[in-house]
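Visitor: I'm new to reading protein structures, and I'd like a tour. Could you put one up and let me ask about it?

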Amino acid sequence: MKKLLQISLALATLFGASASVLAKDAAPAVAGQDKIAMCIGCHGIPGYQASFPEVHKVPMIAGQNAKYIAAALTAYAKGERKHPTMRGIAQTLSEQDIADISALYEKQAPAQALPEAPPAPSAQVAELLTKGACVSCHGANFSKPIDGAYPKIAGQHADYLNVALKSYQTEGNAVVGRSNAIMAGQVKQFSAAELKAIAKYLASLPGDLRTVPQSKFR
């Protein structure tokens, strides 16, 4: 009887510790739910299109790496990514707000069981991807970046990817452009048609990214 009691206490301690860890991991995501009022008007509507700097679907961010979302928001706040609306929103957020929002969106869409190797691209696109060394950061299937600070890009909207890629080519514009020496160095090799071909292929791949409708938009 004493032994059974000891086992029961041990199990209770174990499960209690596990629950505590799970609760701690979930806490930022729960906190983020109260901080996304300015996000869901665009990112919570499937198929929603922005009109700046050109008409394109806003990116799917549910299922994206939290570390990447945090880095992107911080870059908007600092002006390293130029976009008036995103900068205005990002500058209102504290570091804790950014961490909570990023954790929420990462958990909104659980990771999928994706193939390690994506469907083969055309010979032209394969050559472009090799030239740009895309897999060296974004992973072989473009859903498993080598670091969480890099985005998952498989399955992302083609028109958004195209706009994002072109922004790394933009210089001297007060409201458009992204400051990232590595991406700029890679993207400036390509023509507009080549970037469009890359974006179209990446968008065709299976991926984790989703737009999760919020209750007011369902």
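Visitor: Let's start with one helix. Which residues of helix α6 are buried?

Guide: Keep in mind that this is a predicted model. Helix α6 covers residues 123-132. A residue is called buried if its relative accessible area is under 20%. In α6 the ones that qualify are V125, L128, L129 and G132.

Visitor: How are the buried residues of α6 arranged when you look down its axis?

Guide: Here's a handy bit of background: an α-helix has 3.6 residues a turn, so residues three or four places apart point the same way. Now look at V125, L128, L129 and G132, the buried residues of α6. Seen down the axis, they fall within an arc of 100°, so they line one face of the helix.

Visitor: And which residues of α6 are exposed on the other side?

Guide: To count as exposed, a residue needs over 50% relative accessible area. On the side of α6 away from the buried residues, the exposed ones are A123, E127 and T130.

Visitor: What do the buried residues of α6 pack against?

Guide: Packing here is about contact, which means heavy atoms within 4.5 Å. The partners are two other helices, one spanning 181-187 and the other 192-203. Those helices are α9 and α10.

Visitor: Let's step off the end of α6. What is the phi of A133?

Guide: A133 comes just after α6, in the loop that leads to α7 (135-138). At 34% relative accessibility, this alanine counts as partly exposed. Its phi is positive, in a residue other than glycine, and is near 55°.

Visitor: F142 has a positive phi too. Is F142 buried or exposed?

Guide: Phi of F142 is near 65°, and the residue sits in the loop between α7 and α8 (158-167). The cut-off for buried is under 20% relative accessible area. F142 has 2%, so F142 is buried.

Visitor: Back to the backbone: which peptide bond is cis, with omega near -5°?

Guide: Look in the loop between β1 (49-50) and β2 (56-57), where you'll find P53. The bond you want leads into that proline, and it runs from F52 to P53.

Visitor: What about hollow spaces? Which residues line the largest cavity?

Guide: A search of the whole structure turns up one cavity of 30 Å³ or more, and the space in the largest cavity is about 30 Å³. Its lining divides into six nonpolar residues, one polar and no charged. The residues themselves are L114, P115, A117, P118, N141, L205 and P206.

Visitor: How far apart in space are G207 and P118?

Guide: P118 is one of the residues lining the largest cavity, while G207 lies in the segment after α10. G207 is buried, with a relative accessible area of 11%, and its contacts beyond four places in sequence are Q112, L114, S143 and A154. Along the chain, G207 and P118 are 89 residues apart, yet C-alpha to C-alpha the gap in space is 9.8 Å.

Visitor: Which backbone oxygen does the side chain of S167 reach?

Guide: S167 belongs to helix α8 and is buried, at 8% relative accessible area. Leaving aside neighbours within four places in sequence, S167 touches G177 and R178. Its side chain also comes to 2.5 Å from a backbone oxygen, that of A164.

Visitor: Now Q91. Which residue's backbone oxygen lies 3.3 Å from a polar atom of the Q91 side chain?

Guide: You'll find Q91 in the loop between α4 (84-90) and α5 (95-108), where it counts as partly exposed at 48% relative accessibility. C-alpha to C-alpha, Q91 is 7.9 Å from K78, which is 13 residues away in sequence. The oxygen you're after, 3.3 Å from the side chain, is that of A77.

Visitor: Let's zoom out. How many helices and strands does the protein have?

Guide: Reading from the N terminus, the elements go α-α-β-β-α-β-α-α-α-α-α-β-α-α. Count up the two kinds and you get 10 helices and four strands.

Visitor: Last one: what share of the contacts with a separation of 6 or more is between residues 24 or more positions apart?

Guide: The protein has 218 residues, and buried ones make up 38% of them. As for contacts with a separation of 6 or more, the share that joins residues 24 or more positions apart is 72%.

Terms used. Residues are numbered from 1 along each chain as its sequence is written. This is a predicted model: local features need pLDDT of at least 70, side-chain atom pairs count only at pLDDT 80 or more; totals for chains, interfaces and linings use all residues. Side-chain values use heavy atoms; hydrogens and water are left out. On a 1 Å grid over the protein atoms alone, a cavity is a set of points where a 1.4 Å probe fits but cannot get out, and a pocket is an open set with protein on both sides within 12 Å along at least five of seven lines; lining residues have an atom within 4 Å of a point. Grid points are joined across faces, edges and corners, and a volume is the space filled by probe spheres set on the points. Ala, Val, Leu, Ile, Met, Phe, Trp, Tyr, Cys and Pro count as nonpolar, Asp, Glu, Lys and Arg as charged, and the others, Gly among them, as polar. Buried means under 20% relative accessible area, exposed over 50%, partly exposed in between (1.4 Å probe, protein chains only). The arc is that of the directions from the helix axis to the C-beta atoms. A polar contact is a pair of N or O atoms within 3.5 Å; within protein, one must be able to donate a hydrogen and the other to accept it, and residues adjacent in sequence count only if both atoms are side-chain atoms.
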